[in-house]
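Dear colleague,

Please find the structure below, together with its sequence. A summary of what was found follows it.

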Amino acid sequence: MSNRNFNEPFVLYELELAALTLSLANGEELDFTFALTTGRANYIMFQSLVGHYSGLLGNSEGGKADLCDASGQTYEVKSYRDIVLHPGVKNDKFHTAASSTFGPNNHGPEINKLLKAGQYAQALAVCDAAGYAHNDFYVYTNTSQYGLGVPFNYFIVPTSHLRTLLSPDDPRLVSRRDLLNSIRRTVRVA
């Protein structure tokens, strides 16, 4: 049983994962380890794992951040590609803003138009209204296209710090390198 207090900002928390199994009532064990590498299946599992070790709770208020603490502060969970499994500059920048700000979704076309017109501050304001202004912290996991070849990692950054790291070209993006450079130490959880 964990002591459930692994939630200090700027600390990389590391867990070794071995397998994911499903236990049936008849005693049969099924191996579902493949689900750890599939985004459709792993998001809720990894978010729950963070909640278990950090002491953060699932946020029951619809449309709000993924997790919250006892004082009501909110934590949005985002994933990035692990630097060991996915090295290189092409994997550095990733989407961190609310999903409603991308592509053809709700605010995506508006933000694209603003950026094309050189109106970064206005594009950032849309990102703020869609998510940044509603979250106190961001939790980052190395689970985008995850593989068991590396430990599961997560770390927490205050939204105020995240905002200083947003891409100067597109406020929906952040650099994995910049986020990882914010980490002050690593703690092995399990």
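Helix axes are lines fitted to C-alpha atoms over the stretch in contact, and angles run from 0 to 180 degrees between N-to-C directions. This is a predicted model, in which local features need pLDDT of at least 70, side-chain atom pairs count only at pLDDT 80 or more, and totals for chains, interfaces and linings use all residues. Residues are numbered from 1 along each chain as its sequence is written, and side-chain values use heavy atoms, leaving out hydrogens and water.

Helices (DSSP runs of H or I, at least four residues) and strands (E, at least two) are numbered from the N terminus. H2 and H3 pack at an angle of about 160°, and their axes lie 8 Å apart. H2 is therefore roughly antiparallel to H3 (angles over 145 degrees count as such). In their contact (heavy atoms within 4.5 Å), Glu 110, Ile 111, Leu 114 and Leu 115 of H2 meet Tyr 120, Gln 122, Ala 123, Val 126 and Cys 127 of H3.

Within H3, the buried residues (under 20% relative accessible area, 1.4 Å probe, protein chains only) are Ala 123, Leu 124, Val 126, Cys 127 and Asp 128. Their cover includes H2 and H4.

The largest nonpolar core (buried Ala, Val, Leu, Ile, Met, Phe, Trp, Tyr and Cys residues joined through side-chain atoms within 4.5 Å) has 22 residues. H3 supplies the largest share of this core, 4 residues. Another core, of 21 residues, lies apart from it and includes Phe 6 and Ile 156.

With kind regards

Conventions. Buried < 20%, exposed > 50% of the residue type's maximum accessible area, 1.4 Å probe, protein only. Parallel < 35°, antiparallel > 145°, perpendicular 65-115°, else oblique.
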